[in-house]
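This briefing is intended for reading alongside the sequence and the coordinates. Please keep both in view while working through the points below.

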Amino acid sequence: MAGPLPLGDPAPADGRLPHDLPIDPTVPFSAYLHIPFCSVRCGYCDFNTYTSSELRGAKQEDYASTLISEIELARRVMSDAGAVRPMDTVFFGGGTPTLLPAGDLARMLGAATEAFGLVDGAEVTVEANPDTVTPEVARTLADAGVTRMSVGMQSAVPHVLATLDRTHRPENVRTAVAAAKDAGLAVSVDLIYGAPGESLADWEASIDAALDLESDHISAYALIIEDGTKLARQIRRGEVPTPDDDLQADMYELADARLAAAGFEWYEVSNWSRSLDQRSRHNLAYWRGSDWWGFGPGAHSHVAGLRWWNVKHPAAYAQRLAASESPAAGTERPDAESRMLERILLLSRIREGIATSELPPERRERVAGLIADGLVDASAAVRGRVQLTLRGRLLADAVVRELTD
């Protein structure tokens with residue numbers, strides 16, 4: 001199971017927003033739809049997901065209708081607050097969204113579109129397990145308005161997939177990508193590096209396999225060992241080795257070099273795209289602090305600086321909505337200093353970086369030291385922006401600490 005929810009303050013049962021919330025109608029609005037179902041729990045996963053044996057009181061076949069109830073509640077809440085705007089991006093994440101019938105995903109997207117509308121050229125992404133994507137699924141999603149599919153490849157090497165408890169067949173990644181492309185969808189491929197026992201040669205093979213798919217976008221995330229996961233317990237018992245930080249750094253540098261040579265450009269520490277148009281606009285909305293409503297159990301929302309999060313279990317989520325109550329479990333409104341620190345954390349990770357003028361005055365003088373250490377680009381700093389070098393991307397957390405502590 002995922003870790004505990006934040007504490008926060010009690011959320012109002014009707015979901016209403018505070019009357020003094022500074023709504024800005026020009027801020028982009030997005031929707032995240034959480035699909036919390038998986039056929040198998042991966043050993044490294046700390047997300048709020050459930051296998052069939054863990055549902056207890058909730059049914060997958062009822063889920064679309066339940067989530068649509070939250071969409072209807074969100075429309076009322078946002079309308080009352082004068083905050084209704086068309087969605088710039090929609091993202092179906094999980095879990096495994098494609099475990100649900102494609103028609104259910106289409107119904108949820110249709111309900112969200114009816115409630116809020118979509119801007120022209122909106123980005124609508126569905127995460128997918130390679131084994132669950134067929135030409136029929138891809139066509140149904142495209143016909144419903146989906147524009148992009150994010151395929152969970154993770155690795156091309158069988159023993160690495162086994163360590164991660166990924167059950168998909170590597171050859172089905174190509175089949176899924178082809179089905180998505182044939183349906184007219186843009187394609188992103190997700191990779192994970194640094195699994196116990198994964199060599200640099202293994203990682204190179206996965207990069208080559210991902211490039212061979214000719215996708216539009218590639219994400220490559222370093223494996224993080226989360227407390228409470230199966231993989232954390234295996235490492236603690238000495239059954240598998242602890243991931244090596246130096247090896248992970250070598251893997252990142254290899255990925256960046258190979259992707260750049262293939263025409264990809266990094267735009268966030270763990271994300272590369274072939275062009276500006278193929279960046280994940282939904283993820284950029286998070287990093288830039290836009291507004292979004294997160295639908296589904298455990299989903300988090302952010303509107304005008306207010307955050308709230310839903311109850312975690314699908315059964316509790318369904319019970320709240322069946323009683324015409326908000327599924328929100330808690331809420332918080334960070335103060336100006338907390339928001340500033342988070343903005344530095346998020347914006348420093350993207351290619352454009354953060355304007356030096358946004359840093360606290362007492363921290364601006366530290367930029368020179370970061371340049372001297374090779375962590376921040378000197379020419380960008382002359383233009384008034386803090387942008388990470390390759391070395392800075394490897395040590396992004398250290399840069400943030402220097403700019404915020």
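The notes that follow cover salt bridges, aromatic pairs, one helix, one buried loop residue and some backbone features.

The structure is a predicted model, in which local features need pLDDT of at least 70, side-chain atom pairs count only at pLDDT 80 or more, and totals for chains, interfaces and linings use all residues. Residues are numbered from 1 along each chain as its sequence is written, and side-chain values use heavy atoms, with hydrogens and water left out. Helices (DSSP runs of H or I, at least four residues) and strands (DSSP runs of E, at least two) are numbered from the N terminus. Relative accessible area (1.4 Å probe, protein chains only) sorts residues into buried (under 20%), exposed (over 50%) and partly exposed (in between).

**Salt bridges**

- Side chains of opposite charge can pair when their charged atoms come close.
- The whole structure holds 18 salt bridges, each defined as a side-chain nitrogen of Lys or Arg within 4 Å of a carboxyl oxygen of Asp or Glu.
- R307 and E342 form one of these bridges, with an N to O distance of 2.3 Å. This pair links distant parts of the chain, since R307 belongs to strand 11 (residues 306-310) and E342 to helix 11 (residues 336-347), 35 residues apart. R307 is buried at 15% relative accessibility, whereas E342 is partly exposed at 30%.
- E204, D208 and R258 are joined into one network by salt bridges that share partners.
- E171 bridges to R169, and their closest N and O atoms are 2.7 Å apart. E171 is partly exposed, with a relative accessible area of 42%, and R169 is likewise partly exposed, at 48%.
- E239 and R237 meet through their side chains at 2.7 Å, N to O. E239 is partly exposed at 47%, while R237 counts as exposed at 52%.

**Aromatic pairs**

- Rings of Phe, Tyr and Trp (its six-membered ring) pair if their centres lie within 6.5 Å; planes under 30 degrees apart count as stacked, over 60 as edge-to-face and the rest as tilted. The count by this rule is 10 aromatic pairs.
- The ring centres of F37 and Y63 are 5.1 Å apart and their planes stand at 80 degrees, so this pair is edge-to-face. F37 lies in the loop between strand 1 (29-35) and helix 1 (63-80), Y63 lies in helix 1, and the pair thereby links distant parts of the chain, 26 residues apart. F37 and Y63 are both buried.
- W293 and W308 also pair edge-to-face, at 4.9 Å centre to centre with 80 degrees between the planes. W293 is in strand 9 and W308 in strand 11, so their pairing ties together parts 15 residues apart in sequence. W293 and W308 are both buried.
- F37, Y63 and Y317 are linked into a cluster by ring pairs.

**Buried loop residue A299**

- A299 sits in the loop between strand 9 (291-295) and strand 10 (300-303) and is buried, with a relative accessible area of 3%.
- Beyond its neighbours within four places in sequence, A299 has contacts (heavy atoms within 4.5 Å) with Y32, H34, G294, W308, W309 and N310.
- A299 and W309 are 10 residues apart in sequence, and their C-alpha atoms are 5.6 Å apart in space.

**Helix 3**

- Within helix 3 (residues 135-144), the buried residues are V137, A138, L141 and A142. They cover an arc of only 130 degrees around the axis, and therefore lie on the same side of helix 3; the arc is that of the directions from the helix axis to the C-beta atoms.
- The packing partners of these buried residues are helix 2 (102-116), strand 3 (118-128), strand 4 (148-154) and helix 5 (171-182).
- G145, just after helix 3, adopts a positive phi of about 115 degrees.

**Backbone features in loops**

- A cis peptide bond runs from G94 to G95, with omega near 15 degrees. G95 is placed in the loop between strand 2 (87-94) and helix 2.
- E214, a residue other than glycine, has a positive phi near 55 degrees. E214 belongs to the loop between helix 6 (200-212) and strand 6 (217-222), and it is exposed, at 55% relative accessible area.
- A304, again a residue other than glycine, has a positive phi near 55 degrees and lies in the loop between strand 10 and strand 11.
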